[in-house]
Amino acid sequence: MDTYQHYVQAELTSWLYMMKKPPSIGGRLTHGVQRKINQIIPDKIHKVVTTAIENIVKAVITGSSWIVPKASESLSLKEREMKVRTRIKWYRNSASAEGAITGAGGILMGFADFPAFLAIKMKMLFDIAALYGYDTKNYQERLFLLYVFQLSFSSQKRRNELIEHIENWDSFKGSLPKTYDEFDWRTFQLDYRDYIDLAKLAQLIPLVGAPVGALANYKLSEQLGKNAMNAYRLRMLEAKKP
């Protein structure tokens, strides 16, 4: 194992620890409040939001225009990750600029940020997968992107569950839903919405919307990119085990 692989292994170990640590008291309280709020919201509203998020993500996850060729197999892990970091930086900066523009536009433009930022994050995942050498034409690989997405935008309790699936992907993927329609979109949207609500609601406030939108999109994109890198590192290292 070379020096860079040692570095990757150390980062991966630290990341797994963070994904598996128990929920904090504050996190449990926040999740409890959000759960009660979700119970108060009429089911019709949940269905509308679920359908909206499902349609946006489906449009991206099934679109052939989002697919890019896999990176050359001759690339070393270090070379791949240099390219991955460059792509994350590009998407992170694009998302930050988009958040600043929509945040400056007030409530109406703030709502427009929702589908735009969602699409940016999903496209970034497609590019990262290709750079690690995974074929996103494959249905199971596209579902893997959804699980990485959920892992990034979920409560710590939920992360504890999701990381088990990602760690044991080769055995877990046999139990995946057969079609996108069978995927648990309601849980997907609740996880995502609960996680970003506090970060994104301030984006709708006049005057502070632009800087808040820029910072929120920057940090959330950076977080997704880091989690995607480690999820693919995990799979690559698992595949190399005898």
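Y4 and Y7 sit 3 residues apart in helix α1 (residues 3-20), so about one helical turn separates them. An α-helix has 3.6 residues a turn, so side chains three or four places apart point the same way. In this predicted model, the rings of Y4 and Y7 make a tilted aromatic pair, 5.5 Å centre to centre with 45° between the planes. Their surroundings differ in how open they are: Y4 is buried at 14% relative accessible area, while Y7 is partly exposed at 36%.

That's one of 18 aromatic pairs in the structure. Another one to look up is F144 with W169, an edge-to-face pair at 4.9 Å centre to centre and 75° between the planes. Here F144 belongs to helix α6 and W169 to helix α8 (residues 169-172), so the pair ties together parts 25 residues apart in sequence. F144 is buried, with a relative accessible area of 0%, and W169 counts as buried too, at 3%. F144 also has a charge for company: the charged end of R235 sits over its ring, 4.5 Å from the centre.

Now follow F144 out to its helix. At 1.5 Å a residue, the 14 residues of α6 (residues 139-152) should span 20 Å, and the end C-alpha atoms are indeed 20 Å apart. Of those 14 residues, 12 are buried, so α6 is largely enclosed by the rest of the structure. The buried set includes E141 and R142 as well as L143, L145 and V148. At the start of α6, a side-chain oxygen of N138 comes to within 2.8 Å of the backbone nitrogen of Q140.

One more charge over a ring is worth a look: K121 lies over the face of F153, 5.4 Å from the ring centre.

How values were computed: Residues are numbered from 1 along each chain as its sequence is written. This is a predicted model: local features need pLDDT of at least 70, side-chain atom pairs count only at pLDDT 80 or more; totals for chains, interfaces and linings use all residues. Side-chain values use heavy atoms; hydrogens and water are left out. Helices (H or I, at least four residues) and strands (E, at least two) are DSSP runs, numbered from the N terminus. The expected span of a helix is 1.5 Å times one less than its number of residues. Buried means under 20% relative accessible area, exposed over 50%, partly exposed in between (1.4 Å probe, protein chains only). A polar contact is a pair of N or O atoms within 3.5 Å; within protein, one must be able to donate a hydrogen and the other to accept it, and residues adjacent in sequence count only if both atoms are side-chain atoms. Rings of Phe, Tyr and Trp (its six-membered ring) pair if their centres lie within 6.5 Å; planes under 30 degrees apart count as stacked, over 60 as edge-to-face and the rest as tilted. A charge sits over a ring if NZ of Lys or CZ of Arg is within 6 Å of the ring centre and within 35 degrees of the ring normal.
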